[in-house]
Amino acid sequence: MSEHENENENELLAAAFEAHRNHLRAVAYRVLGSLNEADDAVQEAWLRLHRTDTSGVENLGGWLTTVVGRVCLDMLRSRTARREGPLEAPGADLPADGAEEGTDPEHAALLADSVGLALLVVLDALGPAERLAFVLHDLFAVPFEDIATILDRTPAATRQLASRARRRVQGRAPDPVTERDQARRRAVVDAFLGAARGGDFDALLAVLDPDVVLRADRAVPLLGAEHELHGRASVLNAFLGRAQDARTALLDGVVGAAWAPGGQLRGALRFTITDGRITTIDVVADADQLSRLDVDFLDAREA
(Lines give C-alpha, C1' and ligand atoms only; values in the text may rest on other atoms or scores of the structure.)
Protein backbone atom coordinates (compact mmCIF):
# COMPACT_ATOMS: atom_id res chain seq x y z
CA MET A 1 0.00 0.00 0.00
CA SER A 2 1.38 3.40 -1.02
CA GLU A 3 1.85 6.23 1.46
CA HIS A 4 -1.00 8.13 -0.21
CA GLU A 5 -3.35 5.15 0.05
CA ASN A 6 -2.37 4.67 3.69
CA GLU A 7 -3.16 8.32 4.42
CA ASN A 8 -6.55 7.97 2.75
CA GLU A 9 -7.34 4.85 4.78
CA ASN A 10 -6.35 6.59 8.00
CA GLU A 11 -8.56 9.54 7.13
CA LEU A 12 -11.52 7.25 6.42
CA LEU A 13 -10.93 5.42 9.70
CA ALA A 14 -10.70 8.69 11.61
CA ALA A 15 -13.91 9.96 9.97
CA ALA A 16 -15.73 6.74 10.84
CA PHE A 17 -14.56 7.02 14.44
CA GLU A 18 -15.57 10.67 14.70
CA ALA A 19 -19.08 9.72 13.58
CA HIS A 20 -19.37 7.60 16.74
CA ARG A 21 -17.38 9.78 19.15
CA ASN A 22 -20.31 11.52 20.87
CA HIS A 23 -22.10 8.19 21.39
CA LEU A 24 -18.97 6.56 22.80
CA ARG A 25 -18.34 9.53 25.08
CA ALA A 26 -21.91 9.37 26.36
CA VAL A 27 -21.54 5.65 27.10
CA ALA A 28 -18.24 6.16 28.89
CA TYR A 29 -19.54 9.11 30.92
CA ARG A 30 -22.61 7.22 32.09
CA VAL A 31 -20.45 4.28 33.14
CA LEU A 32 -17.62 6.27 34.72
CA GLY A 33 -19.33 9.45 35.95
CA SER A 34 -16.40 11.62 34.86
CA LEU A 35 -15.95 13.45 31.55
CA ASN A 36 -12.17 13.40 31.96
CA GLU A 37 -12.14 9.62 32.42
CA ALA A 38 -14.70 9.25 29.63
CA ASP A 39 -12.36 11.08 27.25
CA ASP A 40 -9.53 8.77 28.31
CA ALA A 41 -11.71 5.72 27.58
CA VAL A 42 -12.70 7.07 24.15
CA GLN A 43 -9.08 7.84 23.32
CA GLU A 44 -8.10 4.29 24.27
CA ALA A 45 -10.86 2.98 21.99
CA TRP A 46 -9.40 5.03 19.14
CA LEU A 47 -5.93 3.60 19.76
CA ARG A 48 -7.29 0.06 19.77
CA LEU A 49 -9.21 0.74 16.56
CA HIS A 50 -6.05 2.11 14.93
CA ARG A 51 -4.16 -1.07 15.90
CA THR A 52 -6.88 -3.51 14.81
CA ASP A 53 -7.88 -4.85 11.42
CA THR A 54 -11.61 -4.10 11.34
CA SER A 55 -12.19 -5.01 7.70
CA GLY A 56 -14.44 -7.88 8.81
CA VAL A 57 -16.43 -5.78 11.28
CA GLU A 58 -19.98 -5.23 9.99
CA ASN A 59 -21.17 -2.94 12.79
CA LEU A 60 -18.38 -0.55 13.70
CA GLY A 61 -20.55 1.33 16.20
CA GLY A 62 -21.33 -1.87 18.07
CA TRP A 63 -17.69 -2.94 17.98
CA LEU A 64 -16.54 0.40 19.37
CA THR A 65 -19.22 0.34 22.08
CA THR A 66 -17.95 -3.06 23.17
CA VAL A 67 -14.37 -1.79 23.25
CA VAL A 68 -15.33 1.27 25.30
CA GLY A 69 -17.30 -1.01 27.63
CA ARG A 70 -14.23 -3.18 28.24
CA VAL A 71 -12.03 -0.13 28.83
CA CYS A 72 -14.54 1.34 31.28
CA LEU A 73 -14.87 -1.97 33.12
CA ASP A 74 -11.09 -2.11 33.57
CA MET A 75 -11.11 1.46 34.88
CA LEU A 76 -13.92 0.73 37.34
CA ARG A 77 -12.17 -2.41 38.60
CA SER A 78 -8.94 -0.44 39.01
CA ARG A 79 -10.84 2.10 41.12
CA THR A 80 -12.31 -0.68 43.27
CA ALA A 81 -8.92 -2.33 43.73
CA ARG A 82 -7.50 0.99 44.94
CA ARG A 83 -10.67 1.60 47.02
CA GLU A 84 -11.14 4.92 45.25
CA GLY A 85 -14.19 6.71 43.95
CA PRO A 86 -14.27 8.72 40.71
CA LEU A 87 -11.50 11.26 40.34
CA GLU A 88 -14.14 13.96 40.56
CA ALA A 89 -17.51 14.10 42.23
CA PRO A 90 -20.22 13.32 39.66
CA GLY A 91 -20.58 16.33 37.42
CA ALA A 92 -17.67 18.19 39.06
CA ASP A 93 -15.77 18.26 35.75
CA LEU A 94 -18.61 20.28 34.20
CA PRO A 95 -18.15 24.05 34.64
CA ALA A 96 -21.02 26.04 36.11
CA ASP A 97 -22.40 26.94 32.68
CA GLY A 98 -22.77 23.20 31.89
CA ALA A 99 -19.93 23.05 29.38
CA GLU A 100 -16.54 21.46 29.59
CA GLU A 101 -13.68 23.52 28.23
CA GLY A 102 -12.98 22.62 24.62
CA THR A 103 -16.28 20.83 24.05
CA ASP A 104 -19.63 21.77 22.56
CA PRO A 105 -21.53 23.49 25.43
CA GLU A 106 -24.91 22.25 24.22
CA HIS A 107 -23.68 18.66 24.02
CA ALA A 108 -22.10 18.83 27.48
CA ALA A 109 -25.26 20.29 28.99
CA LEU A 110 -27.43 17.61 27.40
CA LEU A 111 -25.02 14.94 28.59
CA ALA A 112 -25.13 16.14 32.18
CA ASP A 113 -28.91 16.53 32.15
CA SER A 114 -29.53 13.09 30.67
CA VAL A 115 -27.47 11.35 33.32
CA GLY A 116 -28.36 13.44 36.36
CA LEU A 117 -26.26 13.75 39.49
CA ALA A 118 -28.68 11.63 41.50
CA LEU A 119 -28.31 8.72 39.08
CA LEU A 120 -24.52 8.98 39.15
CA VAL A 121 -24.54 8.86 42.94
CA VAL A 122 -26.62 5.67 42.84
CA LEU A 123 -24.39 4.17 40.14
CA ASP A 124 -21.34 4.78 42.34
CA ALA A 125 -22.86 2.37 44.87
CA LEU A 126 -22.96 -0.45 42.30
CA GLY A 127 -20.21 -2.94 41.62
CA PRO A 128 -18.33 -2.57 38.30
CA ALA A 129 -20.13 -5.46 36.57
CA GLU A 130 -23.57 -4.33 37.80
CA ARG A 131 -22.92 -0.77 36.71
CA LEU A 132 -21.77 -1.72 33.23
CA ALA A 133 -24.62 -4.18 32.67
CA PHE A 134 -27.23 -1.63 33.75
CA VAL A 135 -25.83 1.30 31.77
CA LEU A 136 -25.25 -0.61 28.53
CA HIS A 137 -28.59 -2.42 28.57
CA ASP A 138 -31.02 0.00 30.19
CA LEU A 139 -29.60 3.26 28.86
CA PHE A 140 -28.23 2.14 25.49
CA ALA A 141 -30.24 -1.03 24.71
CA VAL A 142 -27.12 -3.15 24.16
CA PRO A 143 -28.22 -6.83 24.05
CA PHE A 144 -27.30 -8.98 27.06
CA GLU A 145 -25.47 -11.35 24.71
CA ASP A 146 -23.05 -8.55 23.76
CA ILE A 147 -22.62 -7.34 27.35
CA ALA A 148 -21.94 -10.92 28.46
CA THR A 149 -18.87 -11.06 26.21
CA ILE A 150 -17.48 -7.96 27.92
CA LEU A 151 -18.12 -9.32 31.42
CA ASP A 152 -17.13 -12.90 30.55
CA ARG A 153 -20.43 -14.19 31.95
CA THR A 154 -23.48 -15.92 30.56
CA PRO A 155 -26.32 -13.76 29.17
CA ALA A 156 -28.55 -15.03 31.99
CA ALA A 157 -26.03 -13.98 34.65
CA THR A 158 -25.64 -10.61 32.94
CA ARG A 159 -29.40 -10.14 32.95
CA GLN A 160 -29.43 -10.77 36.71
CA LEU A 161 -26.70 -8.17 37.24
CA ALA A 162 -28.70 -5.56 35.34
CA SER A 163 -31.89 -6.52 37.18
CA ARG A 164 -30.23 -6.14 40.56
CA ALA A 165 -28.76 -2.78 39.56
CA ARG A 166 -32.12 -1.62 38.19
CA ARG A 167 -33.86 -2.22 41.50
CA ARG A 168 -31.28 -0.14 43.33
CA VAL A 169 -31.40 2.63 40.74
CA GLN A 170 -35.19 2.75 40.89
CA GLY A 171 -34.86 3.71 44.53
CA ARG A 172 -36.18 0.62 46.23
CA ALA A 173 -34.73 1.70 49.54
CA PRO A 174 -34.77 -1.01 52.20
CA ASP A 175 -37.72 -0.78 54.56
CA PRO A 176 -36.78 -2.11 58.04
CA VAL A 177 -40.09 -3.98 58.36
CA THR A 178 -39.78 -5.44 54.86
CA GLU A 179 -36.18 -6.40 55.51
CA ARG A 180 -37.13 -8.28 58.68
CA ASP A 181 -40.00 -10.02 56.89
CA GLN A 182 -37.69 -11.02 54.02
CA ALA A 183 -35.16 -12.37 56.51
CA ARG A 184 -37.85 -14.48 58.18
CA ARG A 185 -39.10 -15.70 54.81
CA ARG A 186 -35.60 -16.63 53.77
CA ALA A 187 -35.02 -18.62 56.96
CA VAL A 188 -38.16 -20.66 56.23
CA VAL A 189 -37.29 -21.17 52.55
CA ASP A 190 -33.69 -22.15 53.37
CA ALA A 191 -34.97 -24.61 55.98
CA PHE A 192 -37.44 -26.09 53.49
CA LEU A 193 -34.83 -26.53 50.74
CA GLY A 194 -32.27 -28.00 53.14
CA ALA A 195 -34.76 -30.48 54.55
CA ALA A 196 -36.05 -31.45 51.10
CA ARG A 197 -32.56 -32.03 49.68
CA GLY A 198 -31.39 -33.99 52.70
CA GLY A 199 -34.55 -36.06 52.99
CA ASP A 200 -35.03 -34.83 56.56
CA PHE A 201 -38.65 -35.82 57.27
CA ASP A 202 -38.93 -34.09 60.65
CA ALA A 203 -37.33 -30.84 59.51
CA LEU A 204 -39.57 -30.71 56.44
CA LEU A 205 -42.59 -31.43 58.57
CA ALA A 206 -41.71 -28.51 60.85
CA VAL A 207 -41.89 -25.86 58.10
CA LEU A 208 -45.09 -27.10 56.40
CA ASP A 209 -48.55 -26.06 57.53
CA PRO A 210 -50.86 -29.09 58.13
CA ASP A 211 -53.16 -27.82 55.35
CA VAL A 212 -50.40 -26.84 52.92
CA VAL A 213 -51.34 -26.77 49.22
CA LEU A 214 -48.93 -27.54 46.39
CA ARG A 215 -49.86 -26.24 42.93
CA ALA A 216 -47.96 -26.75 39.70
CA ASP A 217 -48.43 -25.58 36.13
CA ARG A 218 -48.76 -28.12 33.36
CA ALA A 219 -45.08 -27.88 32.44
CA VAL A 220 -44.10 -29.49 35.76
CA PRO A 221 -43.64 -33.30 35.74
CA LEU A 222 -43.29 -33.38 39.54
CA LEU A 223 -46.88 -34.34 40.27
CA GLY A 224 -47.58 -36.68 37.37
CA ALA A 225 -51.20 -36.28 36.29
CA GLU A 226 -52.02 -34.13 39.33
CA HIS A 227 -51.55 -30.37 39.34
CA GLU A 228 -52.57 -29.72 42.91
CA LEU A 229 -51.85 -31.58 46.14
CA HIS A 230 -53.40 -30.95 49.56
CA GLY A 231 -52.07 -31.72 53.02
CA ARG A 232 -48.66 -32.14 54.57
CA ALA A 233 -48.31 -35.85 53.79
CA SER A 234 -48.79 -35.37 50.04
CA VAL A 235 -46.41 -32.44 49.86
CA LEU A 236 -43.81 -34.28 51.94
CA ASN A 237 -43.85 -37.16 49.49
CA ALA A 238 -43.52 -34.79 46.53
CA PHE A 239 -40.42 -33.00 47.86
CA LEU A 240 -38.63 -35.40 50.20
CA GLY A 241 -35.14 -36.01 48.82
CA ARG A 242 -35.70 -33.62 45.91
CA ALA A 243 -35.07 -29.94 45.06
CA GLN A 244 -31.36 -30.66 44.70
CA ASP A 245 -30.81 -27.85 42.17
CA ALA A 246 -33.15 -25.28 43.73
CA ARG A 247 -31.51 -22.15 45.15
CA THR A 248 -32.92 -19.39 47.28
CA ALA A 249 -33.80 -16.38 45.13
CA LEU A 250 -35.86 -13.21 44.99
CA LEU A 251 -38.80 -13.74 42.64
CA ASP A 252 -40.12 -10.31 41.66
CA GLY A 253 -38.56 -9.07 44.90
CA VAL A 254 -40.03 -11.75 47.18
CA VAL A 255 -37.98 -14.61 48.67
CA GLY A 256 -38.62 -17.93 46.95
CA ALA A 257 -36.50 -20.46 45.10
CA ALA A 258 -35.50 -21.26 41.53
CA TRP A 259 -33.22 -23.50 39.55
CA ALA A 260 -31.16 -22.56 36.52
CA PRO A 261 -28.81 -25.33 35.36
CA GLY A 262 -26.15 -23.97 33.05
CA GLY A 263 -27.46 -20.46 33.65
CA GLN A 264 -30.81 -21.23 32.00
CA LEU A 265 -33.85 -20.62 34.21
CA ARG A 266 -35.90 -23.83 34.29
CA GLY A 267 -38.27 -23.46 37.22
CA ALA A 268 -39.24 -21.50 40.32
CA LEU A 269 -41.00 -22.05 43.64
CA ARG A 270 -43.25 -19.36 45.06
CA PHE A 271 -44.16 -19.68 48.74
CA THR A 272 -46.97 -18.31 50.87
CA ILE A 273 -45.74 -18.26 54.46
CA THR A 274 -47.94 -17.63 57.51
CA ASP A 275 -46.68 -17.63 61.08
CA GLY A 276 -43.40 -19.22 60.05
CA ARG A 277 -44.96 -22.11 58.12
CA ILE A 278 -45.47 -22.68 54.41
CA THR A 279 -49.16 -22.70 53.51
CA THR A 280 -48.87 -22.68 49.70
CA ILE A 281 -46.20 -23.69 47.20
CA ASP A 282 -46.59 -22.74 43.54
CA VAL A 283 -44.27 -24.51 41.13
CA VAL A 284 -43.63 -22.56 37.91
CA ALA A 285 -41.99 -24.16 34.90
CA ASP A 286 -43.91 -22.69 31.98
CA ALA A 287 -41.43 -20.89 29.72
CA ASP A 288 -43.68 -17.87 29.15
CA GLN A 289 -44.25 -17.36 32.86
CA LEU A 290 -40.56 -17.79 33.62
CA SER A 291 -39.60 -15.22 30.97
CA ARG A 292 -41.71 -12.62 32.79
CA LEU A 293 -40.23 -13.46 36.19
CA ASP A 294 -37.50 -11.25 37.66
CA VAL A 295 -35.16 -13.73 39.38
CA ASP A 296 -32.23 -12.68 41.56
CA PHE A 297 -30.29 -15.59 43.10
CA LEU A 298 -29.28 -14.61 46.61
CA ASP A 299 -26.18 -16.79 46.71
CA ALA A 300 -24.90 -15.05 43.56
CA ARG A 301 -25.45 -11.67 45.26
CA GLU A 302 -23.42 -12.75 48.28
CA ALA A 303 -20.56 -14.26 46.29
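Which residues does Thr280 touch, not counting residues up to four places away in sequence? Keep that in mind while you get your bearings; we'll come back to it.

**The whole thing**

What you have open is a predicted model. Show the cartoon first: the protein has 13 helices and 7 strands. Of its 303 residues, 43% are buried. Switch on the surface and you get about 15700 Å² exposed, with carbon and sulfur atoms supplying 50% of it. Among contacts with a separation of 6 or more, 62% are between residues 24 or more positions apart.

**The sheet**

Now pick out the strands. They make an open sheet of 7 strands with mixed pairing, and reading across it the order is E2-E1-E6-E5-E4-E3-E7. Strand E2 (228–230) and strand E7 (295–297) are the edge strands, each pairing on one side only. Turn the view to look along the sheet: from one strand to the next, the twist averages 25°.

Zoom in on the E7 edge. Strand E3 (residues 247–251) runs antiparallel to E7, and 3 bridges join the two. Select Ala249 and you'll find Phe297 of E7 standing opposite. Then add helix H8 (residues 155–169), which packs on the sheet and touches E3 and E7. The direction of H8 makes about 100° with that of E7.

**Thr280 in the sheet**

Time for that opening question. Select Thr280, which sits in strand E6. Its contacts are Val212, Val213, Arg215, Arg270, Phe271 and Thr272, leaving aside residues up to four places away in sequence. Is Thr280 buried or exposed? Thr280 counts as buried because its relative accessibility is 12%, and the cut-off for buried is under 20%.

**A loop stop**

Move to His227, in the loop between E1 and E2. His227 has a relative accessible area of 24%, so it is classed as partly exposed. Try a distance label from its C-alpha atom to that of Ala216: the two residues are 11 apart along the chain, yet these atoms are separated by 5.1 Å.

**Helix H11**

Next, select residues 232–239, which form helix H11. This helix lies across strand E1 (208–216), E2, strand E5 (267–274) and strand E6 (277–284), and runs at about 55° to E1. Colour Val235, Leu236, Ala238 and Phe239: these are buried. Look down the axis of H11 and the buried residues fall within an arc of 165°, so they line one face of the helix. Ala233 and Asn237, on the other side of H11, are exposed. Just past the helix, stop at Gly241, which takes a positive phi of about 80°.

**Two nonpolar cores**

Finish with the inside. Nonpolar side chains tend to be buried together in soluble globular proteins. Which residues touch the most other members of the largest nonpolar core? Select Phe17 and Leu151: in this set of 42 residues, they are the ones. Helix H1 (3–32), helix H2 (35–51), helix H3 (60–81), helix H6 (128–139), helix H7 (144–151) and H8 each give two or more residues to it. Around Leu151, show Leu73, Ala129, Leu132, Ala133, Thr158 and Leu161, which Leu151 touches when residues up to four places away in sequence are not counted.

A second, separate core has 29 residues, including Leu193, Val207, Val235 and Ala238. You've met two of these names before: Val235 and Ala238 are among the buried residues of H11.

Terms used:
Residues numbered from 1 in each chain as written. Predicted model: local features only at pLDDT ≥ 70, side-chain atom pairs only at ≥ 80, totals over all residues. Heavy atoms only, no water. Buried < 20%, exposed > 50% of the residue type's maximum accessible area, 1.4 Å probe, protein only. Helix = DSSP H or I, 4+ residues; strand = E, 2+ residues; numbered from the N terminus. Arc of directions from axis to C-beta. Pairing = 2+ DSSP bridges. Axes fitted to C-alpha atoms, helices over the stretch in contact; angles between N-to-C directions. Contact = heavy atoms within 4.5 Å. Core = buried A, V, L, I, M, F, W, Y, C linked by side-chain atoms within 4.5 Å. Areas by Shrake-Rupley, 256 points an atom, 1.4 Å probe, with all protein chains shown as cover.
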